[in-house]
Amino acid sequence: MKRLGGFLLLLLLWEVIARRVSSPLLSPVSAVLPASWRLLISGELFLHARTSLINILIGFSLAVSVGLTLGVSITQFKTLRSMLMPIVDAMRPVAALTLFPVILVALGLGIASKAFVIFWTAWPAIILNTAEGIYRVDKSITEAAQLDGAGRWALLRHIIIPLALPIIMTGIRIGASGGWISLVAAEMLGASAGLGYAVLGYSQTFHFAEMYAVILTIAVLGLAMNVCLAYAQDKLDYDKEASRAEKYLRFGDRAIGWNLDSVRWFKSASS
Amino acid sequence: MMTMRYVNFKVYDPVYVAIDKGFFAKYNLEVKIIGDVLGGPTAIQAVAAGAAEAGLSSIPAIINANAAGLPVIGTTDIQSALPKQPLEYYYVRADSPIKSIKDLKGKQFAVNLIKSSFHYTAIMALEQSDMTEKDVNFVLLAFDKQEEALIRGQVDVIGLMEPYNTHAIKTYGDKIRLLFSAPDVFGNKQFCTHFVNRVWAQYNPAAVQAFVSGIVDAAVWIEAHQDEARPIIAKYTGIETAFIPDYYFQPQAQSNMADVQFWLDYLLKRGDVTASWLKAENIATNKWNSAVK
């Protein structure tokens with residue numbers, strides 16, 4: 001309810017400022033909401049949102065896959081880390097917009113180029129948070145598990161990644177936000193539909209109420225995606241995972257039981 | 001010395017020549033260029049928001065802006081299709097099966113901006129061949145990306161203006177083929193003008209008059225000194241001198257009111273603009289151009 005109150009306050013502030021400024025460039029909420037409704041019932045908003053969601057989902061899935069794989073890999077292989085991290089650090093500040101000529105040549109104008117722009121913005125946060133999450137796992141826990149005979153894969157799967165998940169998920173959420181931010185840039189690359197494309201189109205034709213309606217849609221969809229990821233992050237929180245695992249244990253999942261019992265024991269012993 | 005701010009983007013612009021050759025200074029005006037923008041609509045928004053006093057834009061964008069209540073008005077010519085200067089060129093690949101506009105059905109058509117003069121010219125060309133804009137797939141693509149996309153087969157048609165046109169010809173030569181140009185569709189027309197903030201102009205008539213006079217002087221000088229103008233344009237745009245063509249303007253760089261009316265009628269007919277109260281004199285004027293009788 002408090003969150004809703006915050007949004008209502010923001011909308012109220014928007015309305016007051018827009019009325020006070022009284023410029024065609026800043027449409028008040030009272031003009032934007034009817035425009036949103038018009039775009040919604042005409043199906044136009046759905047068409048653009050569907051295109052953008054496909055772009056986002058492909059680009060973001062790619063960023064998560066690559067970011068997680070590389071993030072885990074660089075913590076396991078020092079040579080790979082030495083080779084990859086300078087490249088990651090050098091690439092992070094390079095805006096996707098500056099890479100358009102390369103993207104055009106390599107990927108053309110189809111969905112691949114848009115997905116790549118979104119991927120490009122999202123992946124550094126995921127790789128860095130994944131690595132950071134793993135580095136932060138208490139060494140005494142991993143060493144104890146190794147003494148118990150856990151191999152590299154078992155250690156990663158049952159100890160390190162579960163404990164690093166909160167930080168990894170934070171990286172994924174930051175990456176998702178980055179993906180939405182680059183959406184407009186992505187849809188400047190030879191697009192014929194999409195929310196970014198619509199924002200540009202309405203802006204260029206001075207239909208500002210419609211433009212803000214599409215921006216509002218981007219905000220709502222970005223928020224929805226973040227809420228979903230936050231929910232997933234909450235569910236993947238270690239303590240909750242542990243209590244869920246106890247239920248699994250009753251059904252005889254001894255592998256999970258072993259690692260969680262070990263982790264719990266070492267956590268209580270170390271605290 | 002009076003001062004004003006100008007929003008530019010990288011095209012052949014007599015404002016650069018007027019600054020460089022001192023034509024504005026002659027009228028006691030200093031014009032400060034405040035930076036490149038994406039295109040005319042962005043320039044209009046910057047001027048309407050008070051970030052600058054003048055800019056350049058297509059006439060359709062100035063019409064749309066006025067319909068939306070933005071106080072901008074065209075002053076002087078910057079882009080016109082003229083007998084020596086078709087201005088808008090539409091290319092296909094030389095090996096393309098597209099031989100006429102009728103063959104464009106279902107094809108990918110690149111335009112720099114939606115509802116830009118290129119977009120409207122393309123739509124008019126389609127209409128003349130009994131098609132509509134729904135018969136092709138318009139793809140939003142910046143000028144500098146279009147020739148590469150065409151050569152790689154990612155789009156079927158591109159629309160270029162100078163200096164991208166000269167660049168495409170010099171770079172790809174026999175690999176591209178001209179399908180049509182703007183005069184093939186509707187003869188010679190004015191496409192783009194400089195504009196000023198109407199409210200600012202009301203309170204600063206001397207500055208507007210100096211701005212217009214400087215541009216008129218520059219346009220006249222350019223037509224008589226094409227080779228000398230090229231390095232100046234190159235200096236301000238970063239475009240190689242070799243890609244800068246000869247350039248021509250309306251007489252005395254005036255706003256062609258008949259052409260403004262043409263664009264206004266077309267946008268009203270399409271329903272893109274519903275402000276039927278708009279008149280050509282709301283969109284552009286020659287009242288500050290002392291060279292126009």
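This report describes a predicted model with chains A and B, moving from confidence to chain A and then to chain B.

## Confidence of the model

The model, which is predicted, scores ipTM 0.74 and pTM 0.79. Chain B averages a pLDDT of 93, with 100% of the residues scoring at least 70, while for chain A the mean pLDDT is 83 and 86% of the residues reach 70 or more.

Within chain A, the elements range from helix H2 (residues 29-42), which has the highest mean pLDDT at 95, to helix H12 (residues 238-250), which has the lowest at 48. Over residues 244-258 of chain A the pLDDT stays under 50, and for this stretch the model has twelve contacts beyond four places in sequence. Any reading of the coordinates of residues 244-258 of chain A should keep that pLDDT of under 50 in view.

## Overall make-up of chain A

Chain A contains 13 helices and zero strands, so that its pattern, read along the sequence, is α-α-α-α-α-α-α-α-α-α-α-α-α. Of the 271 residues in chain A, 45% are buried. The accessible surface of this chain comes to about 14200 Å², and carbon and sulfur atoms account for 68% of that area.

When the contacts of chain A with a separation of 6 or more are taken together, 71% of them join residues that lie 24 or more positions apart.

## The pairing of helices H3 and H4 in chain A

Two packed helices are described by the angle between their axes and the distance between the axes. For helix H3 (residues 44-76) and helix H4 (residues 78-91) of chain A, the axes come within 6 Å and cross at roughly 125 degrees. That crossing makes H3(A) oblique to H4(A), because an angle that falls between 115 and 145 degrees is counted neither as roughly perpendicular nor as roughly antiparallel.

On the H3(A) side the contact is made by Leu70(A), Ser73(A), Ile74(A) and Gln76(A), which meet Lys78(A), Leu80(A), Arg81(A), Leu84(A) and Met85(A) in H4(A). Sorted by class, the contact of H3(A) with H4(A) has five nonpolar, two polar and two charged residues.

## Two residues in helices of chain A

Ser203(A) lies in helix H10 (residues 195-204) of chain A and is buried, because its relative accessible area of 15% falls under the limit of 20%. Leaving aside its neighbours within four places in sequence, Ser203(A) is in contact with Phe208(A) and Met211(A), and also with Gln45(B).

Cys228(A) is found in helix H11 (residues 208-235) of chain A and, with a relative accessible area of 52%, is exposed. The C-alpha atoms of Cys228(A) and Phe206(A), which are 22 residues apart along the chain, are separated by 34 Å.

## A buried loop residue and helix H6 in chain B

Met131(B) is found in the loop between helix H5 (117-128) and strand E7 (137-140) of chain B, yet this loop residue is buried, with a relative accessible area of 8%. Once the neighbours within four places in sequence are left aside, Met131(B) is in contact with Ile101(B), Lys102(B), Leu104(B), Lys105(B) and Leu126(B). By comparison along the chain, Leu278(B) is 147 residues from Met131(B), and the C-alpha atoms of the two are separated by 28 Å.

Helix H6 (residues 143-151) of chain B has as its buried residues Phe143(B), Lys145(B), Gln146(B), Glu147(B), Ala149(B) and Leu150(B). H6(B) is followed by Gly153(B), whose phi is positive, near 75 degrees.

## Backbone features in the loops of chain B

A cis peptide bond, with omega of about 5 degrees, joins Glu162(B) and Pro163(B). Pro163(B) has its place in the loop between strand E8 (158-160) and helix H7 (164-172) of chain B.

Asn28(B), a residue other than glycine, has a positive phi near 65 degrees; Asn28(B) lies in the loop between helix H2 (23-26) and strand E2 (29-36) of chain B, where it is partly exposed, with a relative accessible area of 38%. Gln252(B), likewise a residue other than glycine, has a positive phi near 55 degrees. Gln252(B) is found in the loop between helix H11 (226-237) and helix H12 (257-270) of chain B, and its relative accessible area of 34% makes Gln252(B) partly exposed.

Key. Residues numbered from 1 in each chain as written. Chains lettered and ligands numbered in written order. Predicted model: local features only at pLDDT ≥ 70, side-chain atom pairs only at ≥ 80, totals over all residues. Heavy atoms only, no water. Axes fitted to C-alpha atoms, helices over the stretch in contact; angles between N-to-C directions. Helix = DSSP H or I, 4+ residues; strand = E, 2+ residues; numbered from the N terminus. Parallel < 35°, antiparallel > 145°, perpendicular 65-115°, else oblique. Contact = heavy atoms within 4.5 Å. Nonpolar A, V, L, I, M, F, W, Y, C, P; charged D, E, K, R; others polar. pLDDT = per-residue confidence, 0-100. Buried < 20%, exposed > 50% of the residue type's maximum accessible area, 1.4 Å probe, protein only. Areas by Shrake-Rupley, 256 points an atom, 1.4 Å probe, with all protein chains shown as cover.
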